[in-house]
Amino acid sequence: PAEALLDAARRNDASLIVIGMTPRGTLGELVFSSVTHRLSHRAVRPVVTVPAGWQPGAGNRLMVVPNGPAFLALICYEAVFSGDLGRYADQAAYILNITNDAWFDGSIGLAQHADTARLRAVEEGMPLIRVANSGITEVVDPLGRVTQSLPPEQIGLLDVVPPTRLDGTRFTRLGYWPLLVALLLGLASALLSSGRLRRPKR
C-alpha cells in the first residue's frame, strides 16, 4: 500500500500526502512496521499523519461569542439533514453554515447545496448565514429569502446583522408527525380499497 500511495502521489504531482495513523505501540511498529511508517521514510514529499479513532461528538453545541448572539454552527453537509439541529436549537439566534464547495467544480452542486441549506432556515424559522470559500456565500432570512450574497469564486466581505428568528414553525412544534400520519392514512386507504376490489361479486 505504501508504494501504491507513493506512485499515486508522483502521478498526480501531489505536494502533500495526508494519511490516517492507527497506533500500534513501539513493539508493534518494530515487528510489523506500518504503511504510515514506510510511507514517511520513503516519500520525497511532506507526509502529514492524522491519528485515527474518530468518535461521535455530543451533538450540535450552542456557540457563544462575546457581545454577540448565540448560534449553531453546521459544517458543510450537516446543513443537509432535516430536523437535526440538536437540543439547543431554541436558544440560538441563527444558523452558521461553513462549507468548502470547491470539489463541486462548477457543477449544479454549488446551488443545490446552498438551496438545501436554505430549507433548514425555513423549517426552523431561523436565519442562516452561509460562508463558502468557493461556493455561494449568502444570508437567508427565516422565510428562505436571500437578503445578502456573494457569487461563487468571488473574494468579498459581507457586513451582516442576522435577521430576527421566528418564534417557531409548525415543523419545530410537530416535526415529522403530520407526514407520518398522512402516510399511514394513505396506506390504510390503499389496503381498504384493495380489499374491496378483490372481494368476489355475489
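## A walk through the fold, starting at S134

Biologist: Between which strands is the loop where S134 is found?

Modeller: This is a predicted model, so please read every value as computed from it. The loop that holds S134 has strand 6 (128-132) on one side. On the other side comes strand 7 (137-140), so the loop asked for is the one between strand 6 and strand 7.

Biologist: Is S134 buried or exposed?

Modeller: Buried means under 20% relative accessible area. The relative accessible area of S134 is 6%, so S134 is buried.

Biologist: Which residue does S134 join by a polar contact between side chains?

Modeller: Setting aside residues up to four places away in sequence, S134 touches N100, D101, A102, L110, P152 and E153. The polar contact is made elsewhere, at 3.4 Å, and the side chain that S134 meets there belongs to N133.

Biologist: Let's follow the chain onward. Which residue in the turn of the hairpin of strand 7 and strand 8 has a positive phi?

Modeller: Strand 7 and strand 8 (residues 146-150) run antiparallel and are joined by four bridges. Within this pairing, E138 has S149 of strand 8 as its bridge partner. Five residues lie between the two strands, and the one in the turn with a positive phi, about 90 degrees, is G144.

Biologist: Now to another loop. What is the relative accessible area of A92?

Modeller: A92 sits in the loop between strand 4 (71-75) and strand 5 (94-99). Beyond its neighbours within four places in sequence, A92 is in contact with L62, A70, F71, L72, M126 and R165. A92 counts as buried because its relative accessible area is 2%.

Biologist: How far apart in space are A92 and L72, C-alpha to C-alpha?

Modeller: L72 is among the residues in contact with A92. The two are 20 residues apart in sequence, while their C-alpha atoms are separated in space by 6.1 Å.

Biologist: Which residue in strand 5 stands opposite L72?

Modeller: Strand 4 has two pairings to consider here. Strand 3 (residues 62-63) pairs with strand 4 in the antiparallel sense over two bridges, and there L62 stands opposite L72. Strand 4 and strand 5 run parallel and are joined by five bridges. In that second pairing, the residue opposite L72 is I95.

Biologist: Which elements give two or more residues to the largest nonpolar core?

Modeller: That core has twelve residues: L72, L74, A79, L85, A89, A92, I95, A117, A121, M126, L128 and V140. Two or more of them come from each of two elements, strand 4 and helix 4 (109-124).

Biologist: And why might such side chains gather?

Modeller: L74 illustrates the packing, as its contacts beyond four places in sequence are N60, A79, L85, I95, L96, N97 and I98. The broader reason is a tendency in soluble globular proteins, where nonpolar side chains tend to be buried together.

Biologist: Where do the buried residues of helix 1 lie, seen down its axis?

Modeller: In helix 1 (residues 2-11), the buried residues are A2, L6 and A9. Their directions fall within an arc of 60 degrees, so they line one face of the helix.

Biologist: How many residues are in the second, separate core?

Modeller: Two of those helix 1 residues, L6 and A9, belong to this core. I17 and I19 are also included, and the second core has a size of six residues.

Biologist: How many aromatic pairs does a search of the whole structure find, and why does the one of F71 and Y94 tie together parts apart in sequence?

Modeller: The search finds two aromatic pairs. F71 and Y94 are stacked, 5.2 Å centre to centre with 15 degrees between the planes, and both are buried. Because F71 lies in strand 4 and Y94 in strand 5, the pair ties together parts whose separation in sequence is 23 residues.

Biologist: And is Y176 buried or partly exposed?

Modeller: Y176 forms an edge-to-face pair with F171, 5.4 Å centre to centre and 90 degrees between the planes. F171 counts as buried at 19% relative accessibility. With a relative accessible area of 39%, Y176 is partly exposed.

Biologist: To finish, what percentage of the residues in the protein is buried?

Modeller: The protein has six helices and eight strands, running α-β-α-α-β-β-β-β-α-β-β-β-α-α from the N terminus. Of the contacts with a separation of 6 or more, 52% are between residues 24 or more positions apart. Among the 202 residues, the buried share is 28%.

Methods. Residues are numbered from 1 along each chain as its sequence is written. This is a predicted model: local features need pLDDT of at least 70, side-chain atom pairs count only at pLDDT 80 or more; totals for chains, interfaces and linings use all residues. Side-chain values use heavy atoms; hydrogens and water are left out. Buried means under 20% relative accessible area, exposed over 50%, partly exposed in between (1.4 Å probe, protein chains only). Contact means heavy atoms within 4.5 Å. The arc is that of the directions from the helix axis to the C-beta atoms. Two strands pair if DSSP finds at least two bridges between them. Rings of Phe, Tyr and Trp (its six-membered ring) pair if their centres lie within 6.5 Å; planes under 30 degrees apart count as stacked, over 60 as edge-to-face and the rest as tilted. A polar contact is a pair of N or O atoms within 3.5 Å; within protein, one must be able to donate a hydrogen and the other to accept it, and residues adjacent in sequence count only if both atoms are side-chain atoms. A nonpolar core is a set of buried Ala, Val, Leu, Ile, Met, Phe, Trp, Tyr and Cys residues joined through side-chain atoms within 4.5 Å.
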